[in-house]
Amino acid sequence: MKIIKRIFKFFLILVGAILLLLLVAIGIDTYRTGYLKVKNIEFSDNDSYLITNVNIIPMNQDTVLTDKMVHVKDGVIQKIGDQIELEGVEIIDAGNRFLTPGLIDMHVHIWDRYELGLYLSNGVTAVRNLWGMPMHLRIKQDVANDEIVSPLFYTTGPKLTGPEFIGDDNLNLTSPDEARDKVLSYKDRGYDFIKTYYGLTPDIFDAVVEQSMKSDIDVIAHPSQKVPYVYHFNPQIKSIEHTEDIIQQPLNYKLDTLKLEEVIHNFESLNKGSFSPTLTGYYNIYNMLTNDAVLESEQLDYMNPLIRKVDSKAQFDRWYNTKLSDPNIVKSIKDQHDFHLYILKRLHEAGVRIVCSTDAGIGITTPGFSIHQELAFYKEAGLSNYEVLKTATINASETHTIMNNMGSVEEGKAANLLLLDRNPLEDLTALKNPSTVFIKGRKLNRETLDSFEEKAANRKNILVSAVRYAENLMIEK
């Protein structure tokens with residue numbers, strides 16, 4: 001009996017020690033990300049001022065408004081004019097720089113708060129997180145309460161999949177009733193959107209969409225192979241994700257231009273939502289195939305360490321081994337990427353609303369930095385600089401009603417703005433390293449933004465990331 005008591009006592013001590021270790025690790029991580037707290041950032045307490053001597057790229061029209069003034073009050077653009085007379089407000093002389101709306105990345109996967117600073121540093125002032133977990137609801141609350149400086153933060157709930165698509169990253173639905181219950185639950189808990197994913201059967205898919213309509217919550221669709229592709233052209237589905245799924249599903253893995261025209265026609269006639277290409281995420285397969293040292297590259301320094309150790313490594317190993325067994329895979333992936341560019345060109349020509357999306361946060365697609373590669377691909381596909389910029393500004397803001405208050409430099413819009421040294425309508429690389437980012441009116445200078453990158457590089461939070469992922473598994477399953 002004494003032995004059992006000793007074993008039980010030892011077990012309790014061990015569990016207590018583990019819990020204490022986890023609490024200490026979480027506390028340290030919270031302390032280390034304290035640099036994002038509004039109270040800890042110089043100049044961020046002021047969201048009211050007058051910007052002078054600035055050239056505005058409004059993005060509600062293809063033009064540059066030269067030598068203007070912009071009055072921002074309480075984080076909102078109050079007035080734009082040639083001459084604005086105000087007393088008692090801070091004056092920010094833009095020095096003839098260019099003022100644009102902040103960028104919006106419509107398909108990301110956030111793993112920790114360090115990534116929020118990486119997005120801001122790259123001019124991204126709003127993100128749509130498409131793999132929702134409890135930690136994202138806490139981030140969303142802190143952003144809404146102005147506790148931290150962050151891109152405006154929107155998130156789906158967990159990925160809803162069918163009964164056959166098993167995986168710890170999925171929420172497997174087995175019946176229409178369960179599907180309806182999950183939609184109600186995610187809405188009640190504060191998630192902004194519902195994400196449908198692989199393997200949803202028609203009856204479950206219908207239940208998700210119908211309940212989402214009743215609950216007034218938008219659906220974002222990663223296409224399910226269990227229903228026809230045209231099934232996703234539903235008014236409640238506000239965006240369809242991933243160019244590669246067009247090839248994998250309606251084109252049946254063939255680069256078929258004739259069959260593609262049928263898909264384009266369906267987009268024209270049936271879809272009133274947005275299309276989210278995620279070209280960079282797919283192109284990074286080609287990067288892995290052609291660069292055996294990619295996991296040691298500088299760009300991977302900014303990935304979450306748990307993702308780098310698990311997902312980045314697993315994806316690299318998968319494609320490295322595929323290359324060993326199939327010498328044609330490198331050309332096949334590159335050919336498909338090139339066809340993605342053609343698909344994007346045809347969708348754009350057909351008037352489909354394209355929204356910028358990177359799939360950042362998984363594989364080797366780095367948070368924040370990847371948006372510049374994504375925009376460059378749209379340019380390569382044939383869009384003009386203005387049309388490219390629309391995908392990450394006004395187009396994105398028009399996708400969901402709750403995002404309508406951003407995406408352009410107009411009176412009444414949120415002051416999510418970038419101050420650039422050069423005109424991006426002439427050169428898209430001007431978007432890199434903005435001299436100033438305004439988020440809800442709060443001014444972040446380049447020195448502060450650079451410090452966000454330094455804090456995120458090679459961060460040591462693998463244990464805390466694992467705890468947060470485990471929390472999701474315990475709650476959602």
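This is a short talk about a small parallel sheet, a buried histidine, a pocket and a hairpin.

Hi everyone, and thanks for coming. What we have here is a predicted model, where local features need pLDDT of at least 70, side-chain atom pairs count only at pLDDT 80 or more, and totals for chains, interfaces and linings use all residues. Residues are numbered from 1 along each chain as its sequence is written, and side-chain values use heavy atoms, with hydrogens and water left out.

Let's begin with the sheet. Helices (H or I, at least four residues) and strands (E, at least two) are DSSP runs, numbered from the N terminus. Two strands pair if DSSP finds at least two bridges between them. The open sheet has 3 strands in the order β6-β7-β8, with parallel pairing. β6 (103-108) and β8 (152-155) are at the edges with a single partner strand each, so one side of each has no neighbour in the sheet. From one strand to the next, the twist averages 15 degrees. β7, residues 124-129, pairs with β8 over 4 bridges, and Asn 129 has Thr 155 in β8 as its bridge partner.

Across β7 and β8 lies helix α3, residues 134-144, running at about 145 degrees to β8. Axes here are lines fitted to C-alpha atoms, for helices over the stretch in contact (heavy atoms within 4.5 Å), and angles run from 0 to 180 degrees between N-to-C directions.

Now, my favourite residue. His 109 sits in the loop between β6 and α2 (114-121). Is His 109 buried or exposed? With a relative accessible area of 4%, His 109 is buried (under 20%, with a 1.4 Å probe and protein chains only). Leaving aside neighbours within four places in sequence, its contacts include Asn 129, Trp 131, Lys 195 and Asp 359. The side chains of His 109 and Asp 359 also make a polar contact of 2.8 Å.

Asp 359 takes us to the largest pocket: of its 39 lining residues, Tyr 197, Gln 315, Arg 318, Asp 359 and Ile 362 lie nearest the centre. Which helix gives the largest share of the lining? That is α9, with 8 residues; α6 (244-248), α8 (279-290), α9 (305-325) and α10 (329-349) each supply at least two.

Last stop, the hairpin. β17 (436-439) and β18 (442-445) pair in the antiparallel sense over 4 bridges, with Ile 439 opposite Arg 442. There are 2 residues between the strands, and Lys 440 takes a positive phi near 50 degrees.

Thanks, everyone!

Notes:
Buried means under 20% relative accessible area, exposed over 50%, partly exposed in between (1.4 Å probe, protein chains only). A polar contact is a pair of N or O atoms within 3.5 Å; within protein, one must be able to donate a hydrogen and the other to accept it, and residues adjacent in sequence count only if both atoms are side-chain atoms. On a 1 Å grid over the protein atoms alone, a cavity is a set of points where a 1.4 Å probe fits but cannot get out, and a pocket is an open set with protein on both sides within 12 Å along at least five of seven lines; lining residues have an atom within 4 Å of a point. Grid points are joined across faces, edges and corners, and a volume is the space filled by probe spheres set on the points.
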